[in-house]
Amino acid sequence: MVSVGMAGYLPSIRGDDSIPSFILRMTKGQYQLVPEEYGKTDVWYFNNQIPGPQIRVKQGESFRVLVENRLDQSTTVHWHGLRVKNTMDGVPYLTQDPIEPGQTFLYELEAPDAGTFWYHPHQRSFEQVGRGLYGSLVVEERQAIDIDRELTWVLDDWRLTANAQLTGDYSGNRHDMSHAGRIGNTVTINGEIPDRFHLRRGERIRIRLINAANARIMALVFEDHEPKIISIDGQPVTPHLPKNRQYILAPGMRMDLQMDCTGRPGEKYALQDHYYPNQQYRLLDLVYDEKAVRDEILQDDIVLPGNPMPEPNLDESIQFEIDLAGGARGDMQGANFQGKWTDLRELVRQGKAWSINGVASHGHVMEPVIVVERNTSCILNIRNNTAWPHPMHLHGHSFRVLSQNDTAVLHHPWQDTVLIESGATSKIAFVADNPGDWMFHCHILEHQAAGMMAVIRVV
Ligand code: C2O
Ligand code: CU
């Protein structure tokens with residue numbers, strides 16, 4: 001019986017200039033992901049931990065992370081959701097040279113927004129993230145939030161063999177690339193298979209959820225509990241309950257929950273994932289200890305202070321159409337690939353299956369799909385013309401999700417990743433205030449590798 005463990009926390013090293021500094025070392029090793037009798041799993045990880053250690057800084061703070069590559073392939077680290085300078089965004093060849101084996105790179109970062117973020121490689125992400133390289137990055141609010149307990153759950157999904165080894169089919173698995181991505185068979189929270197999570201009646205917990213899986217989308221369902229969503233993708237939102245009480249987290253996404261423990265002492269309640277209709281499973285049980293924290297459940301919701309986001313001017317914006325095409329059961333005939341029209345059969349031979357506005361990406365460097373002047377308000381009308389859902393992620397900015405399928409989205413939340421279901425549309429808006437070339441891609445990492453990647457240039 002395992003209870004959900006704590007993610008390790010990385011203390012900073014403060015030099016004379018008092019800028020908090022962290023060291024992340026990427027190595028190969030073995031980790032106890034599954035119960036001991038199955039043995040350890042060969043993984044790649046940060047600082048010998050899965051997830052990598054949590055980096056915590058305060059809003060407005062500058063900080064540094066020295067990344068040391070002790071893998072035998074090149075890498076970079078991307079600070080997912082953090083609005084960083086382009087040169088620190090960690091995209092190989094586009095914003096920096098990859099960090100070669102044996103080399104280091106110093107990331108000099110800032111944290112304009114308080115919230116829940118994460119870090120992961122951006123080189124061969126489908127393999128490097130898939131083998132265990134990821135960790136959480138928490139930016140604390142300037143003023144402490146009144147809460148009994150705060151925790152981070154980094155969720156992942158692994159494809160393991162019977163002796164707990166990762167199947168090695170990272171590249172060249174055409175089925176994964178052209179279908180739902182590398183869906184695994186073992187879901188972990190903070191690097192272990194949880195069985196139970198202990199709580200006490202009356203307690204108020206802030207749970208920071210992060211979906212670090214390559215491909216698995218989750219729709220969490222809490223039995224008899226109604227935690228409010230207080231933040232999405234690191235950006236505060238009016239506390240609310242999701243539609244159908246399903247907390248949907250696609251790869252790359254985060255959600256902070258205000259969990260008021262309304263259960264009865266001694267009882268247990270299931271937490272399940274219902275996203276894929278034929279594959280519902282129980283993630284863990286919420287187990288109540290005998291002793292209550294307080295008898296009355298707290299009533300007033302936590303309202304997180306807003307972040308300094310530039311508000312898009314919808315009346316004076318430029319609209320762009322973005323079309324997602326390809327994949328199995330799609331009708332894409334071909335796409336522009338490496339500068340020339342390529343039919344589907346040849347694309348597949350090249351390991352590609354998807355396109356954005358008719359272009360299948362090859363690596364991270366490409367002609368931008370959008371070029372805008374700095375401080376332009378942009379609206380993207382994204383249309384998913386495929387038979388598969390795609391969580392689309394934009395670097396360097398957060399955007400408001402205005403509508404899905406022409407229906408307004410409650411509270412127009414700020415997000416950096418938006419899930420667009422098969423056949424659906426999504427309208428998002430943001431101010432392009434951060435100069436540079438920014439990736440816009442699907443966060444199902446097999447789709448990203450198979451062509452579903454574009455660049456938005458802010459000049
Ligand atoms: Cu979390 Cu471009 O990635
Ligand atoms: Cu996708």
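Trainee: Which helices each supply at least two residues of the lining of the second largest pocket?
Mentor: Helix H1 (125-128), helix H2 (174-178) and helix H4 (445-449). Helices (H or I, at least four residues) and strands (E, at least two) are DSSP runs, numbered from the N terminus. This is a predicted model, where local features need pLDDT of at least 70, side-chain atom pairs count only at pLDDT 80 or more, and totals for chains, interfaces and linings use all residues. Residues are numbered from 1 along each chain as its sequence is written, chains are lettered from A and ligands numbered from 1 in the order written, and side-chain values use heavy atoms, without hydrogens or water.

Trainee: What counts as a pocket?
Mentor: On a 1 Å grid over the protein atoms alone, a pocket is an open set of points where a 1.4 Å probe fits, with protein on both sides within 12 Å along at least five of seven lines. Lining residues have an atom within 4 Å of a point.

Trainee: Which element gives the largest share there?
Mentor: H4, with 3 residues of the second largest pocket's lining.

Trainee: And which residues are closest to its centre?
Mentor: Of 20 lining residues, Arg124, Phe126, Lys352, Gly363 and Ala449.

Trainee: Switching over. What volume has the largest pocket?
Mentor: About 920 Å³. A volume is the space filled by probe spheres set on the points, which are joined across faces, edges and corners.

Trainee: Which residues are closest to the centre of that one?
Mentor: Pro242, Lys243, Ile248, Gln404 and Val409, out of 29 lining the largest pocket.

Trainee: Which element leads its lining?
Mentor: S32 gives the largest share, 3 residues.
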